[in-house]
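Reader: I'd like a close look at one helix here, and then how the rest sits around it. Could you walk me through it?

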Amino acid sequence: MELVIDAGVVFTGLTGIGITKKILFLKNLKLYSPKQLLEEINEYKLRILELSSLSSDEIEELLKLIKEKISFIPEKSFESFLEQANSSIPDKEDTSYLALALSKAIPIWSNDEHFKRQSLVEVFNTKELVDELKSLGIDLE
């Protein structure tokens, strides 16, 4: 399964110990995100450290794994979809996630409700994704 993953889900995976982190590292899940997410992760690295129960070294190791797991796509690759995405969701900071999903014709994994207000691509929140993965026979235990 292929998905565009948004910043909120990545940050939850970095700071939590629950199902989000488990899903993030599933072998049969291919994740994409706009390259700008790398900048956001670096910008909020101290906050991630504060919110997690991990040491600085553990956070660095986890970030390394995240960077290997997610394919970070430059905006140039999906810029032809930005205008359509921009007119389809109210939160302009998330336009690039929708544009990337449109360019690849794949769903988005996000817990942000505003993604559900558009009908261009399918959107899974974490609970819905868990249900979808289980229906596909993917074990999350």
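Which residues in H7 are buried?

Author: Quick housekeeping before the helix: this is a predicted model, where local features need pLDDT of at least 70 and side-chain atom pairs count only at pLDDT 80 or more, while totals for chains, interfaces and linings use all residues. Residues are numbered from 1 along each chain as its sequence is written, and side-chain values use heavy atoms, with hydrogens and water left out.

Now your helix. Thr 95, Ser 96, Tyr 97, Leu 98, Ala 99, Leu 100, Ala 101 and Leu 102 are the buried ones in H7; buried means under 20% relative accessible area, exposed over 50% and partly exposed in between, with a 1.4 Å probe and protein chains only. H7 spans residues 95-104, so it's mostly covered, with eight of its 10 residues buried. Just after H7 comes Ala 105, with a positive phi near 55 degrees. For scale, 45% of the 141 residues in the protein chain are buried.

Stepping back, the chain has eight helices and five strands (DSSP runs numbered from the N terminus: H or I of at least four residues for helices, E of at least two for strands). Read from the N terminus, the order is β-α-α-β-α-α-α-β-α-α-β-β-α. The C-alpha trace spans about 40 × 35 × 25 Å along its principal axes. Take the contacts (heavy atoms within 4.5 Å) between residues at least 6 apart in sequence: 64% of them join residues at least 24 apart.

Elsewhere in the chain, look at H1 (residues 7-15) and H5 (residues 56-69), whose axes come within 10 Å and cross at roughly 140 degrees. Axes here are lines fitted to C-alpha atoms, for helices over the stretch in contact, with angles from 0 to 180 degrees between N-to-C directions. That makes H1 and H5 oblique to each other, since under 35 degrees counts as roughly parallel, over 145 as roughly antiparallel, 65 to 115 as roughly perpendicular and the rest as oblique. On the H1 side, Val 10, Gly 13 and Leu 14 meet Ile 59, Leu 62, Leu 63 and Ile 66 of H5.

Leu 63 also turns up in the surroundings of Lys 45: beyond neighbours within four places in sequence, Lys 45 is in contact with Glu 60 and Leu 63. Lys 45 sits in H4 (residues 45-51) and is partly exposed, at 26% relative accessible area. Its C-alpha atom is separated by 10 Å from that of Thr 15, although Lys 45 and Thr 15 are 30 residues apart along the chain.
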